[in-house]
Amino acid sequence: MITTDLLIIGAGPTGLFAVFEAGLLKIKCHIIDALPQPGGQLAELYPKKPIFDIPGYPSVLAGELVDNLMEQIKQFEPGFTLGETAVTLNKLEDGSFEVVTNKGTIHRAKAVAIAGGLGTFEPRKPQLENIADFEEKGVEYFVKNPELFRDKKIIIAGGGDSALDWSIFLSNVASSVTLVHRRNEFRGALDSVEKVQELKNAGKIKLITPAEIVGIQGNGHLESVTIDQEGNQYQVEADYFIPLFGLTPKLGEIANWGLEIEKNAIKVNNALDYQTNIDGVYAIGDVNTYPGKLKLILCGFHEATLMCQSVYNRMNPGRKYVLKYTTVSGVDGFDGTRKEAEKQVVKKID
Ligand SMILES: Cc1cc2nc3c(=O)[nH]c(=O)nc-3n(C[C@H](O)[C@H](O)[C@H](O)COP(=O)(O)OP(=O)(O)OC[C@H]3O[C@@H](n4cnc5c(N)ncnc54)[C@H](O)[C@@H]3O)c2cc1C
């Protein structure tokens, strides 16, 4: 069982920044995310797209922003349960909360922040009638651990960034990588398309377009796929088939936790602290709704900041918190580090 002060559901930018703000208040955090990596939409949907509306960054790549957030929170040593979906939330008799994941991991916390964005991303699955028989037996919708594919014959299907990026990466891991796409054109970052072309020319990636996977076969584990290339069907040996057709967001189990939901989002008290109708459960970032709500990263950062003050008051009843700028107070990491401005930078005015 994992115990913490503040349990955050969702490792998108909002959830990650909440760890920083909580850390300043000496609140320990643990994050659960259904995806195998942190970063939410930024990491999963548009890691290589520039963002222009983060204060202080005229331009920053989404993936870079996630890396920076991870660097910023490292000092507060958050725990992570990745690749697991939070499926139940229960309030215990002592006022604390228990959250259990689809893999049975139990988390206990004094407060819960739902930073679930648009919900969990469900992979779009190919229309193959026996696909469920091969899930985790040769069919993988995410690349959680690239080592699984070492020296294996891999078929990747898709035409976006994920299909391109994983084809590039796995060409150095797998014994063979075949990329199948129903069009000749790919919709991905230019440098990724060029890299795939380069690897194809070098014989490290086999490209089959325009084509589709129309069948999968095997005895207990995937052994081959059937490819339809402009009406010509043939089988290709495969240890793994990775369809990367994008993800559909779903609020999922969160909708059954007794929270007030409006238009697929959680209603919160935005006049105070982004608390939901359940005392001690907050909702921040894209997952919440209130009058005037904007689904923007910087709004999630703001909400996380105010929420943490409320969690502090909840954990320290009667104790007054005096706001100090980090330039003045410094930042004491849980890992023993301390960041502080040089004395000449912080000048006292009497
Ligand atoms: C193409 C695109 C471009 C964008 N460009 C910009 C931009 O330029 N500027 C800007 O400000 N915003 C932009 N946005 C919006 C921005 O991405 C979102 O506002 C931001 O991602 C919200 O962050 P979040 O942390 O609230 O949620 P998310 O990033 O959605 O992260 C939520 C996380 O919660 C996890 N999760 C959900 N439910 C569960 C559960 N039950 N158990 C475990 N984990 C769960 C999900 O797996 C996900 O990782 C863009 C969005 C898109 C799609």
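Which residue is the bridge partner of Thr 178 in S12? The views below start from that pairing and then move on through this predicted model.

**View 1. A four-stranded open sheet with parallel pairing.** The bridge partner of Thr 178 in S12 turns out to be Lys 206. Zooming out a little, the strands of this sheet are ordered S12-S11-S10-S16. Its edges are taken by strand S12 (206-208) and strand S16 (240-243), each of which pairs on one side only. From one strand to the next, the twist averages 20 degrees. If you follow strand S11 (residues 176-180) along S12, you will meet three bridges, with the two strands running parallel.

**View 2. A three-stranded open sheet with mixed pairing.** Here the order to look for is S18-S19-S21. Strand S18 (261-262) and strand S21 (288-289) stand at the edges with a single partner strand each, so one side of each has no neighbour in the sheet. S18 and strand S19 (residues 265-267) run antiparallel and are joined by two bridges. For a residue to centre on, try Glu 262, whose bridge partner in S19 is Ala 265. As a reminder for both sheet views, strands of a sheet pair through backbone hydrogen bonds, either parallel or antiparallel.

**View 3. A salt bridge between Glu 135 and Lys 125.** The two side chains meet with an N to O distance of 3.1 Å. Both residues sit in the loop between strand S9 (120-123) and strand S10 (153-157), and they are 10 residues apart. A search of the whole structure finds 13 salt bridges, and the pair shown here is a salt bridge too. Side chains of opposite charge can pair when their charged atoms come close.

**View 4. A positive patch on the surface.** Four residues form this patch: Lys 49, Arg 182, Arg 183 and Arg 187. To find your way to Lys 49, look in the loop between helix H2 (40-44) and strand S3 (50-51).

**View 5. A nonpolar patch on the surface.** This patch covers about 530 Å². The residues that make it are Leu 323, Tyr 325, Val 328, Val 345 and Val 346. Val 328 is a handy landmark for getting oriented, as this residue is found in helix H7 (residues 326-329).

Technical notes. Residues numbered from 1 in each chain as written. Predicted model: local features only at pLDDT ≥ 70, side-chain atom pairs only at ≥ 80, totals over all residues. Heavy atoms only, no water. Pairing = 2+ DSSP bridges. Patch = residues over 30% accessible without salt bridge, like charges linked within 9 Å, V, L, I, M, F, W, Y side chains within 5 Å. Areas by Shrake-Rupley, 256 points an atom, 1.4 Å probe, with all protein chains shown as cover. Lys, Arg positive; Asp, Glu negative; His and termini not counted. Charge placed at Lys NZ, Arg CZ, Asp CG, Glu CD. Axes fitted to C-alpha atoms, helices over the stretch in contact; angles between N-to-C directions.
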